[in-house]
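Subject: Structure handover

Hello,

Here is the structure I promised to pass on. My notes follow below it.

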Amino acid sequence: MSTQRQARAVRLGPRSLTALALVSAVGVAGFGWPFLAPPGSRIGAHAQDAPWLFAGLLVLLVAVVAAAISESGLGPKAVAMLGVLAAMGAALRPIGAGTAGIEPMFFLMVLSGRVLGPGFGFVLGSVTMFASALLTGGVGPWLPFQMLAMGWFAMGAGLLPGPDRLRGRAELAMLAGYGFLAAFAYGTVMNMAGWPFMSALASNVAFDPHAPVAANLARFVAYCVATSLGWDLGRAVVTVVLTLSLGPTVLRALRRATRRAAFETPVTFETPRQ
């Protein structure tokens, strides 16, 4: 069993950590404001404006990516790997579009975040969602939420324990379990992004700005069960199956590419002899 320390293509330093904390705090507010605002507050009156207001998250996401790249000194090899993996993820996403949550890109985000670390995982998740939106025409006020949620999803995989020691079946089981839970978590937070903008008169599971938090929480749970539980389950099962079946091969390929790229080895140039 190898105990060699894994290289990190993007290491989060003080500036990028600060930017990430800021965008995450704004993101939590953007996703969870229906449960944070008091009943009957004036915030509920602007529910239809909120998607455009929180679309400003995109600017903060770009700031996080820029800070991570500038501070880590992201080299051409890491940029190339980021581009390849983001293109693969963007190409995988439309495969199961509209088909019971069959979204194979999720397992790639888990494995990439695991091997290349939380910093690279966050950048990869955000860039992949942006690229896939351009590919599928899914650009809209929901895009910043998708970018942030996928960034969290891939970053979480990079924060799992034992990156330098845990290998084999134990690692695959951990990644499959994380992918299963994170697939549901992703679906839940994305439901939060869209649920408040249903008309309260349209359904008894819609957000009611005048109802107490407990009542709205019950409505939200009912909304998730009625609209996305099957989709989220399909995403979770596909992520587990692909992680267990293709995980060993993909992990070996990513680790081999990481070693050959030698991200943390400074590049030197020799002066040609006269």
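Arg114 and Glu171 are both buried. The two form a salt bridge, with their closest N and O atoms 2.8 Å apart. Please keep in mind that this is a predicted model. The bridge links distant parts of the chain: Arg114 sits in helix H5 and Glu171 in helix H7, 57 residues apart.

Glu171 has another partner. Its side chain also meets that of Arg255 in a salt bridge, at 2.6 Å from N to O. This pair again spans distant parts of the chain, from Glu171 in helix H7 to Arg255 in helix H9, 84 residues apart. Buried or exposed, Glu171 and Arg255? Glu171 is buried, and so is Arg255. Arg255 has a relative accessibility of 11%. The cut-off for buried is under 20%, so Arg255 falls within it. The contact between the side chains of Arg255 and Glu171 also registers as a polar contact of 2.6 Å.

How many salt bridges does the structure hold? The total is 4. One of them joins the side chains of Arg235 and Glu103, at 2.9 Å from N to O. Arg235 is in helix H9 (residues 229-261), whereas Glu103 is in the loop between helix H4 (76-92) and helix H5 (105-136). The two are 132 residues apart, so look for them in distant parts of the chain. Both Arg235 and Glu103 are buried.

Returning to Glu171 and Arg255, the pair bridges at 2.6 Å. Elsewhere, salt bridges with shared partners join Glu103, Asp232 and Arg235 into one network.

Now the aromatics. The structure holds 7 aromatic pairs. One of them is Phe31 with Phe145, an edge-to-face pair. Their centres are 5.1 Å apart, and their planes are at 65 degrees. Where do the two residues sit? Phe31 is in helix H1 (residues 14-36) and Phe145 is in helix H6. They are 114 residues apart, so this pair too links distant parts of the chain. Phe31 counts as buried at 4% relative accessibility. Phe145 counts as buried at 3%.

Phe153 and Tyr178 form a tilted pair, 6.0 Å centre to centre, with 45 degrees between the planes. Phe153 lies in helix H6 and Tyr178 in helix H7, so the pair ties together parts that are 25 residues apart in sequence. Phe153 is buried, with a relative accessible area of 4%. Tyr178 has a relative accessible area of 18% and is buried as well. Which residues make up the aromatic cluster with Phe153 and Tyr178? Phe106 and Tyr186 join them in one cluster.

Another residue to look at in helix H6 (residues 143-158) is Met147. Met147 is buried, at 7% relative accessible area. Its C-alpha atom is 8.0 Å from that of Leu61, although the two are 86 residues apart along the chain.

Next, helix H1. It has 23 residues, but its end C-alpha atoms are only 29 Å apart. A straight helix would reach 33 Å at 1.5 Å a residue. Where does H1 bend? The bend is at Gly30, by about 50 degrees. A proline, Pro34, follows within four residues. Gly30 and Pro34 are both among the buried residues of H1. That list also includes Ser16, Ala19, Leu20, Val23, Ser24 and Gly27, together with Phe31, Gly32 and Trp33.

Helix H8 (residues 213-227) is a useful one to view after that. Its 15 residues reach 21 Å from first C-alpha to last, close to the 21 Å expected at 1.5 Å a residue. Which residues of H8 are buried? They are Asn216, Phe220, Tyr223 and Cys224. These cover an arc of only 95 degrees around the axis, which puts them on the same side of H8. The face turned away from that buried side carries the exposed residues Ala214, Val225 and Ala226.

Best wishes

Technical notes:
Residues numbered from 1 in each chain as written. Predicted model: local features only at pLDDT ≥ 70, side-chain atom pairs only at ≥ 80, totals over all residues. Heavy atoms only, no water. Buried < 20%, exposed > 50% of the residue type's maximum accessible area, 1.4 Å probe, protein only. Expected span 1.5 Å × (residues − 1). Arc of directions from axis to C-beta. Polar contact = N/O pair within 3.5 Å; in protein donor to acceptor, adjacent residues only side chain to side chain. Phe/Tyr/Trp six-rings, centres within 6.5 Å; stacked < 30°, edge-to-face > 60°. Bend = angle between axes of the 7 residues up to and from the residue.
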